[in-house]
Amino acid sequence: MKLKSHIPLLVTIVGLICLPLFVENPYYIHLAETILIYTILLFGLDIVVGYVGQVSLGHAGLFGIGSYTAGILFFHLGWPIWATVPASIIVTAIFGGILALPALKVIGPYLAMVTLAFGTIAQILINEMTWLTEGPLGIKLTRPELMGVPMTKAEYFWLVAAIMIIAMIVVDRFVKSQMGRAFEALRDSPVACDCMGVSVYRFKVIAFVISAGFAGLAGSLYSYSEQYISPNTYNNELAVLFLLAIIMGGRKSRLGAAIGAAIIVLLPKLLDDINLFRIVASIIAIVVTVGAIMALSKKITTPKRVAIPVAGVVGLAAFSFWLNSIADWRLSIFGFMILLVVYYLQNGIVGFSKTFYLAITGKTKTTVGEATAENTDSSVDFISAVGNKNTGAELLKVDSVLMQFGGLKALNNVDLSIKRGTIHGLIGPNGSGKSTMMNVLTGIYIPTSGNVFYADESVVGKTSSEIALSGIARTFQNVQLFGEMTALQNILVGLHHTFKSNMLDIALHLPRYLREERDARNRAMALLKFVGLENLANEEARNLPYGKQRLLEIARALALDPELLLLDEPAAGLTAPDIKELLRIIRKIRDNGITFILIEHHMDVVMSVCDTVSVLDFGQKIAEGKPAEVQADEKVIHAYLGT
Ligand SMILES: Nc1ncnc2c1ncn2[C@@H]1O[C@H](COP(=O)(O)OP(=O)(O)OP(=O)(O)O)[C@@H](O)[C@H]1O
């Protein structure tokens, strides 16, 4: 099993070693080398685009900064490659940190524009700072030396190949570690990510810095590969091509990055030679047509869905034989091919091929290395029992909290006192301010006035992730799971705080990281078992039924080791048996000493588990007491029934 999973890597290594031995034409070796260099850059770009879900058009600029750092250090100071490459990585990573700043403020098209502006500024500066960069004249480099002699083309290719393989292993380890999970979590739900103690701010910056580090590495290798660098290489067109490469190859995939790199390097060359283009267009037409026939025979698609792509590629192949010269059509064909891929293969070539393979073979998706119900260590304590110490003492105090949105007082001088080890219900009609209270308690809103003390310390002004780490976990009224991640990975994000390992531990798979990962997985599986989801561990959260998603959110919140658990309408949308199971789970958690604040519209749930109930109406607390007392209160009846 282990050997099988390493076969693609071994084949890649052997292929790369053999290439210069069998291909003598230096032009082809150079093309392959460029693909490897772009692949390294795309590994990094994929972290930002695929994992963190941000658009970056600034990576051509970062690539240029990497190239020019190496070029300048070589040209002005005569530094050797073993010094210029690390320097390029560091300098570019610093610029990556600068590029991350707008990403903390804006998203989507705005971020695309800001990053594009970054790339343009980088290119202009390189062009204008002639005293340092030689301006439009560019900088000439020689290939690095090996034992005093400049490397041959093949030797430099092997060096680039070795670095690409190391980069691939390192990136793969990063994205499969707690760090990669944090990246994905902030893409799927930034608010839940912060409330799991994983700071969105911090991890966005880390993602951009790492990504830029890879761009710097690629840029420095590129400068030696080309032996000449000039500012016009690092233009906006290249930035768009890099982004397209990720989209076409497939997000969140090392193979996707390599395929994307190959496409953007080879496609323009392919469109230079009409005969080569005819052959490739014919092969693509045959592959797509055969694939469509197979899919139709297995009834996994409809003739309507495959008609346009099949007609498109067959038409393109026929068109290539009609053409005498390709020169005038290059850009149109390039655009048409990109359009087909981006429109019909939204998960990229790798994503599409995986889905197609699974559909044709009828296999289900398996995730290598994921834990299963069978290999769980059932002795693991999934809840760090707080114990029943100090039961009845005050754990949380809400002191005259006012939360104003413009003229609306969503909370109007509300006081609450939550006792340790109890379940405190918070009820009230729609719009009475319950969720606003949850958001104030978890740092999503800063109250207009008043204070909140948790374990005698004010939480006002603390970030959501700081509050989460101090022991307050929550679920959300509108479930906020990390949809593209599996149930197990969702819990592992909650267990992020248990990891102390750093990037070096992760990259080298040092014992500290391996131990932490193993322990976290065991604990995550035990938590899943506790809420009855152990058999759905490897299912993507977005595919779970609604009731199970709510249970998964509770398990994820428990992973934080909270002392106080805030549940926002946990029974909403659950069936009667699910509600029964939920009540059992809540009582069991309470028995471990965890305190609850429970917002709920299901009165039978509130009545059966709550020790105390506070009632809000139009942002004001109108009643408080034991469930039966509150139920009989005139003001409460009036608030609910309006009579
Ligand atoms: N970010 C915001 N900006 C403006 N108004 C808001 C904001 N958040 C909440 N409100 C308003 O504050 C009031 C209280 O809303 P809140 O969501 O806290 O009520 P709720 O008791 O949780 O209601 P429900 O039971 O329907 O969830 C509502 O009038 C709501 O429109």
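**Figure 1. Asp 399 stands opposite Asn 451 in β8.** Welcome to a predicted model, in which local features need pLDDT of at least 70 and side-chain atom pairs count only at pLDDT 80 or more, while totals for chains, interfaces and linings use all residues. Residues are numbered from 1 along each chain as its sequence is written. Strand β5 (residues 394–405) and strand β8 (residues 449–454) run antiparallel and are joined by 5 bridges. Helices (H or I, at least four residues) and strands (E, at least two) are DSSP runs, numbered from the N terminus. Strands pair here if DSSP finds at least two bridges between them. Step along the ladder and you will find Val 452 of β8 as the bridge partner of Val 398, and Phe 453 of β8 as that of Lys 397.

**Figure 2. The hairpin of β5 and β6.** Strand β5 also pairs with strand β6 (residues 408–419), in the antiparallel sense and over 8 bridges. Lys 397, already met facing Phe 453 in β8, stands opposite Ser 417 in β6. A turn of 2 residues separates β5 from β6, and Gly 406 within the turn has a positive phi of about 60°.

**Figure 3. The antiparallel sheet β6-β5-β8-β9.** In this view 4 strands make up an open sheet. The edges are taken by β6 and β9 (457–458), each with a single partner strand, so each has one side without a neighbour in the sheet. In a regular strand, side chains alternate between the two faces of the sheet. Between β8 and β9, which run antiparallel, there are 2 bridges; Tyr 454 stands opposite Glu 457 in β9. These two strands form a hairpin as well, with 2 residues between them, and Ala 455 in the turn has a positive phi of about 50°. Look for helix α17 too: α17 lies across β5, β6 and β8, running at about 65° to β6. For such angles, axes are lines fitted to C-alpha atoms, for helices over the stretch in contact, and the values run from 0 to 180 degrees between N-to-C directions.

**Figure 4. The shell around the ligand.** Which residues surround the ligand? They are Phe 405, Leu 408, Ala 410, Gly 428, Asn 430, Gly 431, Ser 432, Gly 433, Lys 434, Ser 435, Thr 436 and Gln 477. Two elements, β6 and α17 (434–441), give two or more residues to this shell. The most come from α17, with 3 residues. A residue counts as near the molecule if its C-beta atom, placed from the backbone, lies within 6 Å of it. By class, the shell has 3 nonpolar, 8 polar and 1 charged residues. Here Ala, Val, Leu, Ile, Met, Phe, Trp, Tyr, Cys and Pro count as nonpolar, Asp, Glu, Lys and Arg as charged, and the others, Gly among them, as polar.

**Figure 5. The mixed sheet β10-β11-β12-β7-β13-β14.** This open sheet has 6 strands. At its edges are β10 (472–474) and β14 (620–625), each pairing on one side only. From one strand to the next, the twist averages 20°. Strand β11 (residues 564–568) and strand β12 (residues 595–599) run parallel, joined by 5 bridges, and Leu 566 stands opposite Ile 597 in β12. Helix α26 (residues 634–641) packs on the sheet and touches β13 (612–617) and β14; the direction of α26 makes about 130° with that of β14. Residues are in contact if their C-beta atoms, placed from the backbone, lie within 7 Å.

**Figure 6. Helices α7 and α10 side by side.** The axes of helix α7 (residues 153–175) and helix α10 (residues 200–226) come within 11 Å and cross at roughly 175°. The two helices are therefore roughly antiparallel to each other. On that scale, angles under 35 degrees count as roughly parallel, over 145 as roughly antiparallel, 65 to 115 as roughly perpendicular and the rest as oblique. From α7, the contact draws on Tyr 156, Val 160, Ile 163, Ala 167 and Phe 174; from α10, on Ile 210, Phe 214, Leu 217, Leu 221, Tyr 224 and Ser 225. These contact residues divide into 10 nonpolar, 1 polar and no charged.

**Figure 7. Where domain 1 meets domain 3.** The domain assignment gives domain 1 (13–269), domain 2 (277–361) and domain 3 (394–484 + 548–641); such bounds come from an automatic or database domain assignment. The C-alpha centres of domain 1 and domain 3 lie 46 Å apart. Their contact takes 12 residues from domain 1 and 15 residues from domain 3. On the domain 1 side, α8 (178–188) and α9 (190–195) each supply at least two residues, and α9 has the largest share, 4 residues. This side of domain 1 divides into 6 nonpolar, 3 polar and 3 charged residues.

Note on methods: Contact = placed C-beta atoms within 7 Å.
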